[in-house]
Amino acid sequence: MEFIEANQGDGQMLADIRAAAMRPSLEALGRYDEVRVRSRFLDTFVPGDTIKLVSGNSTFGFYVLRDKGDHFYLDHLYIATFSGQRTRKDHP
């Protein structure tokens, strides 16, 4: 697993991960909006604050850590859901 700083071109892909992660809980509340869930992230997306979680060639999550001067603020943390079963052997 690698931690890689995002770039401007990653915004839509990260918004998709966020939308997929939030969808079940927002649907349960009757509040899922396909456009809004992405735009709320993209409106404040700062690549320099965003770290992608990457395994091989796949980004499977990300977090956003904002420097507030006197403290750091964890603004987002999302992990993509996986289909299929993974074993410890799959992850060195």
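## The E2–E3 hairpin

In this predicted model, valine 54 has threonine 59 of strand E3 as its bridge partner. The pair belongs to an antiparallel arrangement in which strand E2, covering residues 50–55, is joined to strand E3, covering residues 58–67, by six bridges. Two residues lie between E2 and E3 in the hairpin that they form, and glycine 56, which sits in the turn, has a positive phi of about 65°.

## The E3–E4 hairpin

On the E4 side, E3 pairs over seven bridges with strand E4, residues 72–79, again in the antiparallel sense. Aspartate 67 stands opposite phenylalanine 72 of E4. E3 and E4 likewise form a hairpin, here with four residues between the strands, and the turn contains glycine 69, whose phi is positive at about 90°.

## The sheet as a whole

E1 and E2 run antiparallel and are joined by four bridges, and glutamate 5 has isoleucine 51 in E2 as its bridge partner. Taken together, the four strands make an open sheet with the order E1-E2-E3-E4 and antiparallel pairing. Its edge strands are E1, residues 2–5, and E4, each of which pairs on one side only. On average, and with direction ignored, neighbouring strands of this sheet are turned by 25° against each other.

## The helix across the sheet

Helix H1, which spans residues 11–28, lies across three strands of the sheet, namely E2, E3 and E4, and runs at about 95° to E3.

Technical notes: Residues numbered from 1 in each chain as written. Predicted model: local features only at pLDDT ≥ 70, side-chain atom pairs only at ≥ 80, totals over all residues. Heavy atoms only, no water. Pairing = 2+ DSSP bridges. Axes fitted to C-alpha atoms, helices over the stretch in contact; angles between N-to-C directions. Contact = heavy atoms within 4.5 Å.
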